[in-house]
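The exercises below are meant to be worked with the sequence and the coordinates side by side. Each task is followed by a solution that goes step by step.

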Amino acid sequence: MKLARIGCVILFSVFNIANVACAGDAWVPQTSGTEVELRGLSVVSPKIAWASGAKATVLRTTDGERWQVMEVAGAEGLDFRDIHAFDARHAIIMSAGPGALSRLYETRDGGSSWQLLKTNEAKTGFWDAISFSSTKQGILFGDPVDGQFQILITADGGLNWQENKHPGLTALPNEGAFAASGTCVATYGSQHAWIVTGGASQARAYASADGGISWSAATLPLPAAAASKGAFSVAFLDEKNGMAVGGDYKLPQLNSLNGARTEDGGQTWQPAQVLPQGFLSVIATVPGAAKTYVAAGLAGSGISHDAGKTWKVLDKTPVNTVAFANAKNGWAVGPKGLLMKFNDGLK
């Protein structure tokens, strides 16, 4: 019931008790220890997860319940929009911002110390997201520089990055990506990668089948033609079946198309209405749960068990991103330090 659910949230906020949930709640509030905007999330296991956000903030849990807040020395004021964690001690964070405000930092001691890995050398650049397909291989994605999207590739775990320029990365006028959830780039296996965009006359998805060397673009049936509209997130169940979600972040409850599906690796996309209706900033797969996606954003969160064909609403709480270890363990982060743990498995 609505009243019972509200009562649980009040109990949590008054007594600061974690893991208080009512029957039917999809998410359990946890104490984040911060009030900054959180947008980055990386789940390693049912007990180990990392999150990141504004004001150089990084969070980590090693027991799945209690979170430690840490700030990155030398990175004061940076906005960490994405994070990738390899284990409880090793993680790479990405800040987003114009030019040199886009940076990568790495820790190998659980956040006790951080080393600057790379700074965006393009004054007009703006990094949006990172994705690692293994401990060594990763892709860094940024807004267009001189008319082409930035793609940087690493083969040594992020120590060195090679910028890749390919005609297939040529951007339309006003085309860009959204650093809203760290999920506008996705990888599957060692060879397949995708990026999604908006802001231009059309939203698009770019696909690579050779590890990010060459790219081809396809039109997405999502609303576009405005700086706040387009595709915000992409995820793939395998090398062929994927989904993109988005909408208009200025109108989070707008009743318009907010999803698209592909069954051919991103060459063509079909409209797919996702629930809840409205703006969604993330689409996530769930390890070990066949054909399962969870989508979320300022409109709330929803789930599909049939590769995105049908959906049901999980919750209406506004979030920025979600990620899962398996069908029973996952987290969501969002505005004002919002942090929630998934409750009672995907049903």
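Contact, as used in these exercises, means heavy atoms within 4.5 Å. The model is a predicted one.

**Exercise 1. Describe the surroundings of A260, beginning with its place in the chain and ending with its contacts.**

Step 1. A260 is found in strand β20, which covers residues 259-262.

Step 2. The relative accessibility of A260 is 0%, and since buried means under 20%, A260 counts as buried.

Step 3. Leaving out residues up to four places away in sequence, A260 touches L220, P221, G242, M243, A244, W269, Q270, P271 and A272.

Step 4. One of these contacts, L220, can be followed further: A260 and L220 are 40 residues apart in sequence, while their C-alpha atoms are 6.9 Å apart in space.

**Exercise 2. Work out how the side chains of R81 and R39 are placed, and which backbone oxygen each of them reaches.**

Step 1. R81 belongs to strand β6 (residues 80-85), and R39 belongs to strand β2 (residues 38-43).

Step 2. With a relative accessibility of 19%, R81 falls under the 20% limit, and therefore R81 counts as buried.

Step 3. The R81 side chain reaches the backbone oxygen of A179 at 2.5 Å, whereas the R39 side chain reaches the backbone oxygen of A180 at 3.0 Å.

Step 4. Beyond its neighbours up to four places away in sequence, R81 touches R39, G40, S52, M94, S95, A96, A179, A180, S181 and G182.

Step 5. The corresponding list for R39 consists of S52, G53, R81, A179, A180, S181, G182, N320, T321 and V333. The two arginines thus appear in each other's lists, and S52, A179, A180, S181 and G182 are in contact with both R81 and R39.

**Exercise 3. Contrast A26 with A155: is each of them buried or exposed, and which C-alpha separations go with them?**

Step 1. A26 lies in the loop between α1 (2-15) and β1 (27-29), and A155 lies in the loop between β12 and β13 (162-164).

Step 2. A26 is buried, its relative accessible area being 6%, whereas A155 is exposed, its relative accessible area being 65%.

Step 3. A26 and L314 are 288 residues apart in sequence, yet 5.8 Å apart in space from C-alpha to C-alpha. For A155 and Q137, which are 18 residues apart along the chain, the C-alpha separation is 4.5 Å.

Step 4. Leaving aside neighbours within four places in sequence, A26 is in contact with L314, D315, K341, F342 and N343, and under the corresponding exclusion A155 touches K136 and N160.

**Exercise 4. Locate the backbone features at K55, D146 and the L275 to P276 bond, and give the angle that marks each of them.**

Step 1. K55 is not a glycine, but has a positive phi of about 55°; K55 sits in the loop between β3 (49-53) and β4 (57-61).

Step 2. D146, which is likewise not a glycine, has a positive phi of about 55°, and its place is in the loop between β11 (138-145) and β12 (148-154).

Step 3. K55 counts as exposed because its relative accessibility is 60%, and D146 counts as exposed because its relative accessibility is 76%; the cut-off for this class is over 50%.

Step 4. The peptide bond joining L275 and P276 is cis, with omega about 5°, and P276 lies in the loop between β21 (270-271) and β22 (282-285).

**Exercise 5. Characterise the chain as a whole, and decide how its radius of gyration bears on the idea of a compact globule.**

Step 1. The chain contains one helix and 28 strands, and its C-alpha trace spans about 55 × 45 × 35 Å along the principal axes.

Step 2. A compact globule of 347 residues would have a radius of gyration near 20 Å, and the chain has 19 Å, which agrees.

Step 3. Buried residues account for 59% of the 347 residues, and the accessible surface comes to about 13900 Å², of which 53% belongs to carbon and sulfur atoms.

Step 4. Of the contacts between residues at least 6 apart in sequence, 49% join residues at least 24 apart.

Step 5. The chain has 28 positive and 28 negative charges, and the mean positions of the two groups are 5 Å apart.

Key
Residues are numbered from 1 along each chain as its sequence is written. This is a predicted model: local features need pLDDT of at least 70, side-chain atom pairs count only at pLDDT 80 or more; totals for chains, interfaces and linings use all residues. Side-chain values use heavy atoms; hydrogens and water are left out. Helices (H or I, at least four residues) and strands (E, at least two) are DSSP runs, numbered from the N terminus. The radius of gyration is taken over C-alpha atoms; the globule rule is 2.2 Å times the number of residues to the power 0.38. Buried means under 20% relative accessible area, exposed over 50%, partly exposed in between (1.4 Å probe, protein chains only). Accessible areas come from the Shrake-Rupley method with a 1.4 Å probe; for residues, only the protein chains shown count as cover. Lys and Arg count as positive and Asp and Glu as negative; His and the chain ends are not counted. The place of a charge is taken as NZ of Lys, CZ of Arg, CG of Asp or CD of Glu. A polar contact is a pair of N or O atoms within 3.5 Å; within protein, one must be able to donate a hydrogen and the other to accept it, and residues adjacent in sequence count only if both atoms are side-chain atoms.
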